[in-house]
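Colleague: I would like to go through this model with you, one helix at a time. Could you answer a few questions as we look at it?

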Amino acid sequence: MKGLYCRPGQTDAETKFVIQEMSLPANVDSHHVRVQMKACGLSPLDLKLLGDLGIQRDLIPVGREVAGVVLQVGSRVSFFQPDDEVVGILPLDYPCSGLCDVIDVDEHLLVHKPEKLSWTCVAGAIRDGVCAYTALHTHARMAAGHTLLVMDGASTFGLLCIQLAGYHGVKVLTTSHTPQQHTFLEQLRPSLGLVIPVFESSSDLLSDVLEETGGLGVDIVIDTGVRLQEDEGSKGKRLPHKHDVISVLGVGGHWVTSHQELQLDPPDCRLLHLKSASVTFLNQEVWTASTAQQGRYLHILKDIMEKLSAGILGPEPEEAVPLQEATVVMEMVQRCQKKSAVVQF
């Protein structure tokens, strides 16, 4: 049986993705289930994070958002039985690639897949769904009546944040990066409070948000990265400056950031202090890196599946790629030429 693995290099250019043979034990471990794969999501590997956690291997498994059908169950498995349809996210230290035909997974990492949902839908939405839940519920303590600013609302993560917040009675503002994204976001129903076209030079995030909120600012900001300096070049020109993000926060506001190396100067900290506001870092791997809150994590996975099935959450459908193209597509994902992908078996 073959799987896709990453061979890290000294530079990004030297990092390669290779097909490697692997095998499963004859017997399934007591708390594991053997799953026939149907779809697998591809997302960039954070090699630095793996190194920080002490996970160092010559070959790193690729493909961790998995969906499939249970073939066998271990002797102590209580949640699943053969022929159940399941979905989950493999942990960072999982030894096998999710792009293998069959894998063994601990039952406490999986939840049931609703019958009405497609394999590609659940494999493509589960990671961003967990991130949206973590940002809004765990970090920001979202509640009805709050005002939320989501950066890059047309991304899968941004769209799920918008839908989840709207379901809970939160007023949502967002930004668009292209004219096509702007049209798409303005056509969403229920309609958004404001879509800010950051691709236009005349657009001013701070003044637009303050005008929409009557000068009070927003209760929650969720970013997908920020600029630390004014002149970071074309790559970061559509990202908000950190001072603008702090400035749009209202009193007692929450800023949930994905920027791993955020640096706040004393004036920034002073402004946060005056607002009694907080900054929280969104680490999308936190649930699978530790089992300290495994019960809460499984509850989040189940709720995501239920809301996807009910149509409350509905990411834009992503075209699945065949298994034979997985290596090329993963190289594009790792180089940020493509945000994510789903492989269908």
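Colleague: Which residue follows H7, and what is special about its phi?

Modeller: This is a predicted model, in which local features need pLDDT of at least 70 and side-chain atom pairs count only at pLDDT 80 or more, while totals for chains, interfaces and linings use all residues. Residues are numbered from 1 along each chain as its sequence is written, and side-chain values use heavy atoms, with hydrogens and water left out. Helices (DSSP runs of H or I, at least four residues) and strands (runs of E, at least two) are numbered from the N terminus. H7 is followed by a residue with a positive phi, near 55°, and that residue is Ser-276.

Colleague: Which residues of H7 are buried, and what arc do they cover around the axis?

Modeller: In H7, residues 266–275, the buried ones (under 20% relative accessible area with a 1.4 Å probe, protein chains only, whereas exposed means over 50% and partly exposed lies in between) are Asp-268, Leu-272 and Lys-275. They lie on the same side of H7 because the arc they cover, taken from the directions from the helix axis to the C-beta atoms, is only 65°.

Colleague: Which residues are exposed on the other side of H7?

Modeller: We turn to the side of H7 opposite the buried residues. The exposed residues there are Pro-266, Pro-267, His-273 and Leu-274.

Colleague: Which residue follows H5, and what is its phi?

Modeller: H5 spans residues 205–212. The residue that follows H5 is Gly-214, and its phi is positive, near 65°.

Conventions:
A polar contact is a pair of N or O atoms within 3.5 Å; within protein, one must be able to donate a hydrogen and the other to accept it, and residues adjacent in sequence count only if both atoms are side-chain atoms.
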